[in-house]
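Good morning, and thank you for making time for this short presentation. Please have the sequence and the model in view as we go through them together.

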Amino acid sequence: MDLDFNGRVVAITGAATGFGRATAQAFAARGARVFATDIDAAGLAETAAGSTIATHVMDLTDPGAVAAWAKQIEAEAGACQVLVNNAGGVLGRKFHPIEEASLEDWHAIFAVNLDAAFLTIRAFAPAMKAARTGRIINISSGAGLRASRTGIQAYASAKHAAVGLTRQMAQELGPFGINVNSVAPGLFAVSPGTRESWANYGAEGQKRVIEGLALRRMGEAEDIAKAVLFFASPLSDFVTGQVLPVNGGSF
Ligand SMILES: NC(=O)c1ccc[n+]([C@@H]2O[C@H](COP(=O)([O-])OP(=O)(O)OC[C@H]3O[C@@H](n4cnc5c(N)ncnc54)[C@H](O)[C@@H]3O)[C@@H](O)[C@H]2O)c1
């Protein structure tokens, strides 16, 4: 079975690589009008190459820029119907014991993994409410449900908060016909940063991780895109405030 998103207006953050790229391309391949953003202009251009995906380079930590992006999409295409908050990650930060962890790193990680979703939802919700329909999908993480393999305190905390934001927004926006859900990926090697940390596991470490997965394989970015398509489609009409772990069976 395949899904048709013909003409649906979809906004996706963090679309220059990994899950965001795969998700933008999956929607575009199914007829959606995709608006993709990232701070990485070159990666974003690669995502859009040869497709109808509209790109917009911006820093999601700039509230004014986020509001302007939402207005621009609405002026061009009407109310956004699907918002995917995917930007995030550890931003190249490494683990430090708590007594050495910097407040600056803490804020930087929260800004992209949590505040950005707050800013986009705040910017896009009014038009969705007026249209009385919408789907919001937040990419959290296994680190939003338990401790992070990275050990990075801010990352686990921000992703837990992204799950909280998902539940709270589902409660608030449900009466307006807006479903809010989250996909929680396990460990994937799909972007430059995550490929590097996967390489650091070494052959033995990688084997241990894969043997710990029920499906005995690493996931592809498309595995996350499929879960996002589900939450954006009529298949999940009566599902809201939920978190779907997509991790190959990591318990
Ligand atoms: N790959 C994994 O193993 C994994 C696991 C669980 C959750 N996640 C989450 O999935 C999402 C996507 O991760 P990924 O591994 O595909 O890619 P990633 O983590 O490398 O990057 C996501 C994108 O966010 C963009 N971004 C970062 N800061 C930004 C800013 N200030 N403004 C605009 N864009 C910015 C980056 O340029 C990048 O293209 C992230 O939220 C990440 O935390 C990833």
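Is W198 buried or exposed? Before answering, I should state that this is a predicted model. In this model W198 is buried, its relative accessible area being 12%.

W198 also has an aromatic partner, and this leads to our opening topic. W198 and Y201 make up a tilted aromatic pair, with 5.4 Å from centre to centre and 45 degrees between the planes. Y201, unlike its partner, counts as partly exposed, at 29% relative accessibility, whereas W198 is buried.

How many aromatic pairs does a search of the whole structure find? The number is six. Another of them joins F19 and F188 in an edge-to-face arrangement, the centres being 5.0 Å apart and the planes at 90 degrees. This pair links distant parts of the chain: F19 belongs to helix α1, F188 to the loop between β6 (178-185) and α6, and 169 residues separate them. Both rings belong to buried residues, for F19 has a relative accessibility of 15% and F188 one of 6%.

One further ring deserves mention here. Over the ring of F176 sits the charged end of K129, at 4.5 Å from the ring centre.

Let me turn to the salt bridges. The structure contains six of them, and I shall present three.

The pair I take up to begin with is R93 and D105, whose closest N and O atoms are 2.7 Å apart. R93 is found in the loop between β4 (82-85) and α4 (103-131), while D105 is in helix α4, so the salt bridge ties together parts that are 12 residues apart in sequence. R93 itself is partly exposed, with 24% relative accessible area.

Next come R135 and D237, which form a salt bridge with the closest N and O atoms 2.6 Å apart. Which parts of the chain does this pair tie together? R135 lies in strand β5 (residues 134-139) and D237 in the loop between α8 and β7 (243-246), so the parts joined are 102 residues apart in sequence. The two partners differ in accessibility: R135 is buried, at 9%, and D237 is partly exposed, at 48%.

The remaining example lies within one helix. E211 and K207 meet through their side chains in a salt bridge, at 3.7 Å from N to O. They are four residues apart in helix α7 (residues 202-211), and about one helical turn therefore separates them. Here both partners count as partly exposed, E211 at 46% relative accessibility and K207 at 47%.

I now come to the empty space in the model. Rolling a probe the size of a water molecule over the atoms shows where such space is left.

Consider the second largest pocket, which holds about 220 Å³ of space. Its lining consists of 15 residues, and those nearest its centre are G18, R21, V190, R195 and A221. Which elements each supply at least two residues of this lining? They are α1 (18-29), α6 (192-199) and α8 (221-232). Of these, α1 gives the most, with four residues. By character, the lining of this pocket comprises six nonpolar, four polar and five charged residues.

A221, one of the residues nearest the centre of that pocket, is placed in helix α8. A221 counts as buried, with a relative accessible area of 9%. From A221 to R149 there are 72 residues in sequence and 19 Å in space, taken between the C-alpha atoms.

The model also has one cavity of 30 Å³ or more. The volume of this largest cavity is about 80 Å³. Thirteen residues, written 13 in the listing, line the largest cavity, and N85, A87, V112, N113 and A117 are the closest to its centre. Two or more lining residues come from each of α4, β5 and α5 (153-173). Which element supplies the largest share of this lining? It is α4, with four residues. The lining of the largest cavity divides into seven nonpolar residues, five polar and one charged.

To close, I would return to two elements. Helix α4 holds D105, the partner of R93, and gives the largest share of the cavity lining. Helix α1 holds F19 and gives the most to the lining of the second largest pocket. Thank you for your attention.

Technical notes:
Residues are numbered from 1 along each chain as its sequence is written. This is a predicted model: local features need pLDDT of at least 70, side-chain atom pairs count only at pLDDT 80 or more; totals for chains, interfaces and linings use all residues. Side-chain values use heavy atoms; hydrogens and water are left out. On a 1 Å grid over the protein atoms alone, a cavity is a set of points where a 1.4 Å probe fits but cannot get out, and a pocket is an open set with protein on both sides within 12 Å along at least five of seven lines; lining residues have an atom within 4 Å of a point. Grid points are joined across faces, edges and corners, and a volume is the space filled by probe spheres set on the points. Ala, Val, Leu, Ile, Met, Phe, Trp, Tyr, Cys and Pro count as nonpolar, Asp, Glu, Lys and Arg as charged, and the others, Gly among them, as polar. A salt bridge is a side-chain nitrogen of Lys or Arg within 4 Å of a carboxyl oxygen of Asp or Glu. Buried means under 20% relative accessible area, exposed over 50%, partly exposed in between (1.4 Å probe, protein chains only). Rings of Phe, Tyr and Trp (its six-membered ring) pair if their centres lie within 6.5 Å; planes under 30 degrees apart count as stacked, over 60 as edge-to-face and the rest as tilted. A charge sits over a ring if NZ of Lys or CZ of Arg is within 6 Å of the ring centre and within 35 degrees of the ring normal.
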